[in-house]
Amino acid sequence: MIAEEVIELIKTGTVETLIMTVLTTLFGYIIGLPLGIVLTLTDKNGLRPHKAIYRVLDIFVNILRSVPFLILLIALIPFTRLIVGKSYGTAATVVPLVIAAAPFIGRLVESSLKEVDAGVIEAARSMGASTKDIVFRVMLVEAKTSLIDGVTIAIGTIFGYSAMAGVTGGGGLGSIAVRYGLYRWEYDVMIITVVVLVIIVQIFQNVGSLISKKTDRRRVS
């Protein structure tokens, strides 16, 4: 039988993990969506090519994406403490999670927008549509299925990051796995934690896939 205190512990960790994931996804897209749009527009084949801007953003994104999250988490401790007043716990973990997720999301958005048929964009331009109209009424609409798939991928990645944050006292299921599974050798708790993480990720992925299929106009009903 699973002890009642373990059940309560897993419940608390699950709620913390969900809070971290939802907040990180939200703020990650607040930063990453505009970033991906700008990368797409300023690319050499974009609507507003600008080599300098694209190069700076490209390097910025590549640098952040190349740093392992655990190292980034530790390196950002002073910044995290400055923002939220402490370097541990659920709220503190959101800061490095967003910084790690935003450039990743930006790349996902850029990739999705570049999949839009160039002919559709040219047709909109020939009718006098502004860059803003093309972005919001053509590109984002045409790429919505791919963008939804990107959200699913981003959430799965963020879940992985949140679990790693447990090593530095980040809270959530990852912290439980480290404190009980690693430090106390209570492998039953760690196994339960892993199972719960897998179930949550699968639920998000299945929901994302279902929404993606519903919005994909290329599928034959």
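Here are four short exercises, with worked solutions, on the predicted model shown above.

**Exercise 1. Helix H2 and its two faces**

Find out which residues of H2 are buried, and work out where they sit around the helix.

*Solution.*

Step 1: Get a feel for the helix. H2 covers residues 51–66, which makes 16 residues. From first C-alpha to last, H2 reaches 22 Å, close to the 22 Å expected at 1.5 Å a residue.

Step 2: Pick out the buried residues. In H2 these are Tyr 54, Leu 57, Asp 58, Val 61 and Leu 64. They cover an arc of only 140° around the axis, so they end up on the same side of H2.

Step 3: Bring in the geometry. An α-helix has 3.6 residues a turn, so residues three or four places apart point the same way.

Step 4: Flip to the other face. Turned away from the buried side are the exposed residues Lys 51, Val 56 and Ser 66.

Step 5: Ask what does the covering. Helix H1 (4–42) and helix H5 (90–113) are among the parts that cover the buried residues of H2.

**Exercise 2. Salt bridges inside one helix**

Look at the pairs Glu 8–Lys 11 and Asp 133–Arg 137, and say where each one lies and how exposed its residues are.

*Solution.*

Step 1: Start with Glu 8 and Lys 11. Their side chains meet in a salt bridge at 3.8 Å, N to O. Both residues belong to helix H1, three residues apart, or about one turn of the helix. Glu 8 is partly exposed, at 40% relative accessible area, and Lys 11 is partly exposed too, at 48%.

Step 2: Move on to Asp 133 and Arg 137. This salt bridge comes in at 3.9 Å, N to O. Its partners sit in helix H7 (residues 131–142), four residues apart, again about one turn. Asp 133 is partly exposed at 28%, while Arg 137 counts as exposed at 64%.

**Exercise 3. A bridge between loops**

Which parts of the chain does the pair Asp 43 and Lys 114 tie together?

*Solution.*

Step 1: Check the pair. The side chains of Asp 43 and Lys 114 meet in a salt bridge at 3.0 Å, N to O.

Step 2: Locate both ends. Asp 43 lies in the loop between H1 and H2, and Lys 114 in the loop between H5 and helix H6 (118–126), so the pair ties together parts that are 71 residues apart in sequence.

Step 3: Compare their surroundings. Asp 43 is buried, with a relative accessible area of 12%, whereas Lys 114 is partly exposed at 39%.

Step 4: Zoom out. The model has eight salt bridges. Those that share partners join Asp 43, Arg 55, Asp 58, Arg 107, Glu 110 and Lys 114 into one network.

**Exercise 4. The nonpolar cores**

Describe the largest nonpolar core, then name some residues of the second one.

*Solution.*

Step 1: Recall the background. In soluble globular proteins, nonpolar side chains tend to be buried together.

Step 2: Find the hubs. The largest core has 22 residues, and Leu 113, Ile 134 and Met 139 touch the most other members.

Step 3: See who contributes. H1, H5, H6, H7 and helix H8 (144–164) each give two or more residues to this core. H5 gives the most, with six residues.

Step 4: Take a closer look at Met 139. Leaving aside neighbours within four places in sequence, Met 139 is in contact with Thr 40, Leu 47, Leu 113, Val 116, Ile 121 and Ile 134.

Step 5: Turn to the second core. This separate core has twelve residues, including Ile 155, Leu 173, Tyr 180 and Val 201.

Key:
Residues numbered from 1 in each chain as written. Predicted model: local features only at pLDDT ≥ 70, side-chain atom pairs only at ≥ 80, totals over all residues. Heavy atoms only, no water. Expected span 1.5 Å × (residues − 1). Buried < 20%, exposed > 50% of the residue type's maximum accessible area, 1.4 Å probe, protein only. Arc of directions from axis to C-beta. Contact = heavy atoms within 4.5 Å. Salt bridge = Lys/Arg side-chain N within 4 Å of Asp/Glu carboxyl O. Core = buried A, V, L, I, M, F, W, Y, C linked by side-chain atoms within 4.5 Å.
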